[in-house]
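Please look through the model shown here before reading on. The note that goes with it is kept short.

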Amino acid sequence: KIEHDFIKNNQKSNYENTPAPKKNFFVKIKNILNILMVKLNIINKEIFFYDTGLKTFFEKKCELMVNKSLSFWQLPLNKISNTINYELRKKISLDLNSVNNFELFLKQNISIILPRFLIEDYKSINQLLNNLKLPKNPKAIVTGMGYANEIFNIYTAKMVSKKTKFITLQHGNISDSHYWHDFIIESGFQDLKLTWGIKSNKRQLPLFNFKTINSKIAASKNGNLSIVCNNYYSRPHPFELNLENILSDTIDLIKNIDNKINEKTYFKLFPGDFNNTNEFFKKILNNSNLKYYQDRINYHQMLEKSRITIFNYESSGFFENLALNLPCCYYSTNAYEDIKDDYKKFYKNLEMNKILFTSKSKIISHIFNIWDNVEDWWFSENVQKSIEYFNSNLNIPYNKNQNKLINILKEQV
């Protein structure tokens, strides 16, 4: 059993005491270049690109084609205030008729619910934005993950109030196909969302899986069985409260797999160890006599060492493997728990062709049966049709479609 208190306390310490990241050499160079460009007035302000999630070279190529110039903005993280100004918050009120219990709750509690960056820190963030000299009237803002930065969010709100278009890029696997996506910050407020394949409303435009841009990876015919695990973290929705059980279940799966396969099995821990829990996971794996890839082995290097990859959650990597046509399986006892009814058919088709599993015994049997020749199963006609069916609706492969993205961005300005 994972020591929940250890991880919970570690998370608390991490969130409350995380120091501002040190600027490395390349970040400093980017900032110097940007200041120089601003002073020379050679940054075209048509579209403001920030933290798009695209590969750097690809992003800069798009920016150059659209803006005819480059920028290298690096916004700092907001240093959250340690104090709460209760007197200031007493002045906050919400003019609602309170026609239902939720509105009544909101009216009574809005003054303490609003985050500190909007109240206590707002004045200092405003001053910081003035000093940064960001574009004052861009025609559009493009981001994939920028809304994780409060300073960026306030800047964006100011620009949107001036009729600047706000364009977001899908940065992860789960989108409108899942219920919990409806309640996260990146859902529903943009003018245009460029997706990996889904189109559930008129503001969405399917392009391709951005994580697979210019990726050329081949599986290793005699390689490893790689296990990609989710991280342990807290989120305000009910679908990931059993992460302890998921890890224990995955370990049990590998312990019960054929010894010949077990000897070539390696775990890949979650790359973004935001809560400092990977060292604890390593301890669990060591105690279970299971192997894991060293931290220096990145995801693509892992794929090149893999014969087949098992994901114990619906990872972006699972989508990436399908887009790149690399052998993989997704195992979860609760695979359908959060999927909207309209999209279950795409997952059911994967399950029918033994790519998705909800049964531990079935995936153990499947891996044993295909281990000596994974390619015969993966490249069989039915499996390939299943992958194509899934990809064409939710996960379009890149296929050198960069001009499509560039043309869409040009249309916005």
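The numbered points below deal with a sheet, a helix lying across it, a surface patch and two loop residues.

1. This is a predicted model. It contains an open sheet of five strands in the order E1-E2-E3-E4-E5, paired in parallel. Strand E1 (47-50) and strand E5 (204-206) are the edge strands, each pairing on one side only. On average, neighbouring strands of the sheet are turned by 20° against each other, direction ignored.

2. Strands of a sheet pair through backbone hydrogen bonds, in either a parallel or an antiparallel way. Here, strand E2 (residues 140-143) pairs with strand E3 (residues 165-169) in the parallel sense, over four bridges. Opposite Val142 stands Ile167 in E3.

3. Helix H7 (residues 150-160) lies across E1, E2 and E3. The angle at which helix H7 runs to E2 is about 150°.

4. Phe102, Phe105, Ile112 and Ile113 make a nonpolar surface patch of about 440 Å². Phe105 belongs to helix H5 (residues 101-113). Phe105 counts as partly exposed because its relative accessibility is 43%, between the limits of 20% and 50%.

5. Most residues other than glycine have a negative phi. Asp51 has a positive phi, near 45°, and sits in the loop between E1 and helix H3 (56-67). With 36% relative accessibility, Asp51 counts as partly exposed.

6. Asn399 is not a glycine either, yet its phi is positive, about 50°. Asn399 is in the loop between helix H16 (381-394) and helix H17 (402-411). Its relative accessible area is 60%, so Asn399 is exposed.

Note on methods. Residues are numbered from 1 along each chain as its sequence is written. This is a predicted model: local features need pLDDT of at least 70, side-chain atom pairs count only at pLDDT 80 or more; totals for chains, interfaces and linings use all residues. Side-chain values use heavy atoms; hydrogens and water are left out. Patches are made of residues with over 30% relative accessible area and no salt bridge: like charges are joined within 9 Å, nonpolar side chains (Val, Leu, Ile, Met, Phe, Trp, Tyr) within 5 Å. Accessible areas come from the Shrake-Rupley method with a 1.4 Å probe; for residues, only the protein chains shown count as cover. A salt bridge is a side-chain nitrogen of Lys or Arg within 4 Å of a carboxyl oxygen of Asp or Glu. Helices (H or I, at least four residues) and strands (E, at least two) are DSSP runs, numbered from the N terminus. Buried means under 20% relative accessible area, exposed over 50%, partly exposed in between (1.4 Å probe, protein chains only). Two strands pair if DSSP finds at least two bridges between them. Axes are lines fitted to C-alpha atoms, for helices over the stretch in contact, and angles run from 0 to 180 degrees between N-to-C directions. Contact means heavy atoms within 4.5 Å.
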